[in-house]
Amino acid sequence: MSLMLKSIVSVALLLHASAAAPTSARSDKKCRVCGVSSAEIVLTGSTLPTPSFAPTFIGLGVGTQNYTCESTGTYTNVGALAELFDASCLYGTSSFTDLSSLAFRAWNASATSDVFESEAIISAARVITSPSESTLGQHYFVTNPVTGTGLSPKWDFTSNAFAGNPAAFVVGSKIDDVTAPSDTASNIDWLYLTNLTGALANEIYRIDTQGGQPPASCIPGSAEIFVKYTAMYWLTGGSF
Ligand SMILES: *[C@@H]1O[C@H](CO)[C@@H](O)[C@H](O)[C@H]1NC(C)=O
Ligand SMILES: *[C@@H]1O[C@H](CO)[C@@H](O)[C@H](O)[C@H]1NC(C)=O
Ligand SMILES: *[C@@H]1O[C@H](CO)[C@@H](O)[C@H](O)[C@H]1NC(C)=O
């Protein structure tokens, strides 16, 4: 085992050791998500609206934000790709509030930038979040399903938490976007979205962001870049 992998795994094990055993497994669901309907989202330091629906999923997102260099010499966001790990069973434990920053430290220190090829990160995150069945799904961008132009963010649980159920997704429409409460040069904005299509959630929050910001300037013509980030994604409402 490499030194790096060892340290990622030991951070993960430490985290897991301090987590209480899940108490409220959802018996009505195929996935082993703990019930989070009474979990309270902490929006301190941001002006995002409070949720109108009860939380249904809390995921740790580990991935990249993608940017291309404009002719003006600045980067523009052109999408993202992240793996979403179930964090619901950690809610209420001491690990929960630090999850995004601990995961970011491990992810940012790893040599690979492909989250799907990074077994070290995926297995570490699995250990962090819960011992098994802990991948909720993926977050990526698709063509806006309503207008047919431009990209929209999608949260897709059809391959993992609700494998085989083609309805287990939501495409979001961004309602609110505020700077992160700290280190805005490194940490991407916090977001509030509602469902444009899909019944997985009525609202989506991206909070506790770590990393993901591009350099302040670029040389026009340079290649697309992939900037590592982590965040907590809270989904509320929905019919799952
Ligand atoms: C974003 O980057 C990832 C690589 O990390 C890539 O797989 C994905 O297709 C990219 N998405 C977009 C919309 O550019
Ligand atoms: C990520 O790691 C690099 C070193 O590989 C470091 O320069 C950078 O500051 C780190 N990013 C953040 C946001 O901590
Ligand atoms: C949003 O999600 C709710 C709850 O699942 C669903 O009833 C509604 O149809 C969805 N809205 C759209 C536009 O898909």
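In the predicted model, strand S2 contributes three residues to the shell around ligand 1, the largest share of that shell. The full set of residues around ligand 1 comprises Thr-64, Asn-66, Val-78, Gly-79, Leu-81, Glu-224 and Phe-226. Two of these residues place polar side-chain atoms by oxygen atoms of the ligand: for Asn-66 the distance to an oxygen atom of ligand 1 is 2.4 Å, and for Thr-64 the corresponding distance is 2.9 Å. On its own, ligand 1 has 360 Å² of accessible area, of which the protein covers 61%. Two elements, strand S1 (55-69) and strand S2 (75-86), give two or more residues to the shell. By residue class, the shell around ligand 1 divides into three nonpolar, three polar and one charged.

Ligand 2 is surrounded by Phe-104, Asn-108 and Ser-186. In the side chain of Asn-108, an N or O atom lies 2.3 Å from an oxygen atom of ligand 2. The protein buries 32% of the 360 Å² that ligand 2 exposes when taken alone.

The shell of ligand 3 is made up of Asn-195, Leu-196, Thr-197, Gly-198, Ala-199, Ala-201, Asn-202, Gly-238 and Ser-239. Both side chains and backbone supply polar atoms to this site. A polar side-chain atom of Asn-195 is 2.3 Å from an oxygen atom of ligand 3, and an N or O atom in the side chain of Ser-239 is 3.2 Å from an oxygen atom of the ligand. From Ala-199, a backbone N or O atom lies 3.3 Å from an oxygen atom of ligand 3. Of the 360 Å² of accessible area that ligand 3 has on its own, 53% is covered by the protein. The surrounding residues divide into three nonpolar and six polar, with no charged residue in the shell.

Two residues of the ligand 3 shell, Ala-201 and Asn-202, are also in contact with Thr-236. Thr-236 belongs to strand S8 (residues 225-236). Its relative accessibility is 1%, and Thr-236 therefore counts as buried. The side chain of Thr-236 forms a polar contact with the side chain of Glu-203, at 2.5 Å. Apart from neighbours within four places in sequence, the contacts of Thr-236 are Pro-51, Phe-53, Ala-54, Pro-55, Thr-56, Ala-201, Asn-202, Glu-203 and Tyr-205.

A contrasting environment is found for Thr-147, which is exposed, with a relative accessible area of 52%. Thr-147 is located in the loop that runs between strand S3 (135-143) and strand S4 (151-156). The side chain of Thr-147 reaches the backbone oxygen of Thr-149 at a distance of 3.1 Å.

The covalent cross-links were examined next. A disulfide is a covalent bond between the sulfur atoms of two cysteines. The structure holds two disulfides. One of them joins Cys-34 to Cys-89, with an S to S distance of 2.0 Å. This link is right-handed, with 95 degrees about the S-S bond. Cys-34 lies in the loop between helix H1 (3-17) and S1, and Cys-89 in the loop between S2 and helix H2 (99-109), so the bond ties together parts that are 55 residues apart in sequence. Cys-34 and Cys-89 are both buried.

The other disulfide links Cys-69 and Cys-218, with an S to S distance of 2.1 Å. The link of Cys-69 and Cys-218 is likewise right-handed, with 95 degrees about the S-S bond. Cys-69 is part of strand S1, whereas Cys-218 sits in the loop between strand S7 (203-211) and S8; the pair therefore ties together parts that are 149 residues apart in sequence. Both of these cysteines, Cys-69 and Cys-218, are buried. When the bonded cysteines are counted along the chain, the disulfides of the protein follow the pattern 1-3, 2-4.

Methods: Residues are numbered from 1 along each chain as its sequence is written. Chains are lettered from A and ligands numbered from 1 in the order in which they are written. This is a predicted model: local features need pLDDT of at least 70, side-chain atom pairs count only at pLDDT 80 or more; totals for chains, interfaces and linings use all residues. Side-chain values use heavy atoms; hydrogens and water are left out. Helices (H or I, at least four residues) and strands (E, at least two) are DSSP runs, numbered from the N terminus. Buried means under 20% relative accessible area, exposed over 50%, partly exposed in between (1.4 Å probe, protein chains only). A polar contact is a pair of N or O atoms within 3.5 Å; within protein, one must be able to donate a hydrogen and the other to accept it, and residues adjacent in sequence count only if both atoms are side-chain atoms. Contact means heavy atoms within 4.5 Å. A residue is near a molecule or strand if one of its heavy atoms lies within 4 Å of it. Accessible areas come from the Shrake-Rupley method with a 1.4 Å probe; for residues, only the protein chains shown count as cover. Ala, Val, Leu, Ile, Met, Phe, Trp, Tyr, Cys and Pro count as nonpolar, Asp, Glu, Lys and Arg as charged, and the others, Gly among them, as polar. A disulfide is a pair of cysteine sulfur atoms within 2.5 Å.
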